[in-house]
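Visitor: I would like to see how each label is earned. Please walk me through the cut-offs as we go.

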Amino acid sequence: ETFDFRAGDSLGHYAFLTKLVHPVQCSILIGMFEMDASTLVVRPASEDDRAVLEDLIADCYATVYPGWYEEDTLSEALPAMLKIDVRLLASGRYFLARAGNVVAGCGGWSANAPGATPNSEFTGHIRHFATRPEAMGKGIGGAILERCVAEAAASGMQKLKCFSSLAAEGFYARHGFTKIDTVSVMLGSGAYFPAVLMERAL
């Protein structure tokens with residue numbers, strides 16, 4: 001099945017970080033900060049956080065996606081996902097996780113489906129998740145996801161859906177999501193991006 005995301009932001013922001021910052025420079029920049037997952041704070045993000053969050057998402061995708069997708073798929077599809085949706089960022093339902101001095105993860109949910117995907121009553125949608133590569137495996141993405149689950153349930157949603165990347169399917173499965181189908185999402189460039197449609201009952 002194909003889903004048209006050309007009217008929205010779909011799976012998230014992407015840029016090849018190595019084209020923007022040399023990997024060695026990136027490591028030096030990360031090393032300037034202290035990350036402590038035991039002091040994790042999750043809060044709603046705002047437009048003021050856009051730059052740091054889009055850099056984080058670029059870092060995450062550039063690290064995780066190679067090996068899961070062909071290079072031509074990445075080069076064609078992912079540049080269409082360059083920005084966090086303005087409405088999502090202003091909704092109060094998009095979250096930033098800070099561990100020590102480091103913004104370590106982000107993600108959120110919306111009542112409206114991404115792009116041109118039809119809305120379904122009582123169904124929320126997981127949006128734009130990413131974790132800084134150095135912070136993966138420390139429970140940061142899970143903390144943000146469970147915040148989304150709790151708030152969606154409190155708002156009256158009965159289930160959550162997500163268009164997971166191939167790389168993130170295991171993460172969502174560990175948090176109670178089940179696979180519905182393997183799908184293709186159509187992005188703003190007209191490119192197709194393989195994904196996994198998943199859902200979790202609330």
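Visitor: Where is the place of Val-149?

Guide: Val-149 sits in helix α6. Helices are DSSP runs of H or I with at least four residues, strands are runs of E with at least two, and both are numbered from the N terminus. Before we go on: this is a predicted model, where local features need pLDDT of at least 70, side-chain atom pairs count only at pLDDT 80 or more, and totals for chains, interfaces and linings use all residues. Residues are numbered from 1 along each chain as its sequence is written, and side-chain values use heavy atoms, with hydrogens and water left out.

Visitor: Why is Val-149 called buried?

Guide: Its relative accessible area is 8%. Buried means under 20%, exposed means over 50%, and partly exposed is in between, with a 1.4 Å probe and protein chains only. The value of 8% is under the 20% cut-off, so Val-149 is buried.

Visitor: Which residues is Val-149 in contact with, leaving aside its neighbours within four places in sequence?

Guide: Leu-160, Arg-200 and Leu-202. Contact means heavy atoms within 4.5 Å. For Leu-160, 11 residues along the chain from Val-149, the C-alpha separation is 7.6 Å.

Visitor: What makes Ala-154 exposed?

Guide: Ala-154 is also found in helix α6. Its relative accessibility is 70%. That is over 50%, so Ala-154 counts as exposed. From Ala-154 to Leu-202 the C-alpha distance is 9.6 Å, with their positions 48 residues apart in sequence.

Visitor: Why does Cys-148 count as buried?

Guide: Cys-148 has 0% relative accessibility, so it falls under the 20% limit and counts as buried. Helix α6 holds this residue. Setting aside residues up to four places away in sequence, Cys-148 touches Phe-95, Gly-107, Gly-108, Trp-109, Ile-126, Phe-129 and Leu-160. Its C-alpha lies 9.5 Å from that of His-125, 23 residues apart in sequence.

Visitor: How many disulfides does the structure hold?

Guide: Zero. A disulfide is a pair of cysteine sulfur atoms within 2.5 Å. Cys-162 is buried too, because its relative accessibility is 3%.

Visitor: What is the phi of His-128?

Guide: Near 50 degrees, a positive value in a residue other than glycine. Most residues other than glycine have a negative phi. His-128 lies in strand β5. At 2% relative accessibility, it counts as buried.

Visitor: Where does Phe-122 lie?

Guide: In the loop between β4 (102-110) and β5. Phe-122 has a positive phi of about 65 degrees, although it is not a glycine.

Visitor: Why is Phe-122 called partly exposed?

Guide: Its relative accessibility is 40%. That value is between 20% and 50%, so Phe-122 counts as partly exposed. Glu-47 earns the label partly exposed at 44%. Glu-47 is in the loop between β2 (41-44) and α3. Its C-alpha is 9.9 Å from that of Arg-87, 40 residues apart along the chain.

Visitor: How do you know that Thr-123 is buried?

Guide: Thr-123 has a relative accessible area of 2%, which is under 20%, so it is buried. Thr-123 is found in strand β5. Beyond neighbours within four places in sequence, Thr-123 is in contact with Ala-111, Met-157, Lys-159 and Lys-161.

Visitor: What lines the largest pocket?

Guide: The lining has 33 residues, with Phe-129, Ala-130, Thr-131, Ala-168 and Phe-171 nearest the centre. A pocket is an open set of points on a 1 Å grid over the protein atoms alone, where a 1.4 Å probe fits, with protein on both sides within 12 Å along at least five of seven lines; lining residues have an atom within 4 Å of a point. β5 gives the most to this lining, with six residues.

Visitor: What is the volume of the largest pocket?

Guide: About 600 Å³. A volume is the space filled by probe spheres set on the points, with grid points joined across faces, edges and corners.

Visitor: And for the whole chain, how many helices and strands are there?

Guide: The protein chain has seven helices and eight strands. Of its 202 residues, 46% count as buried.
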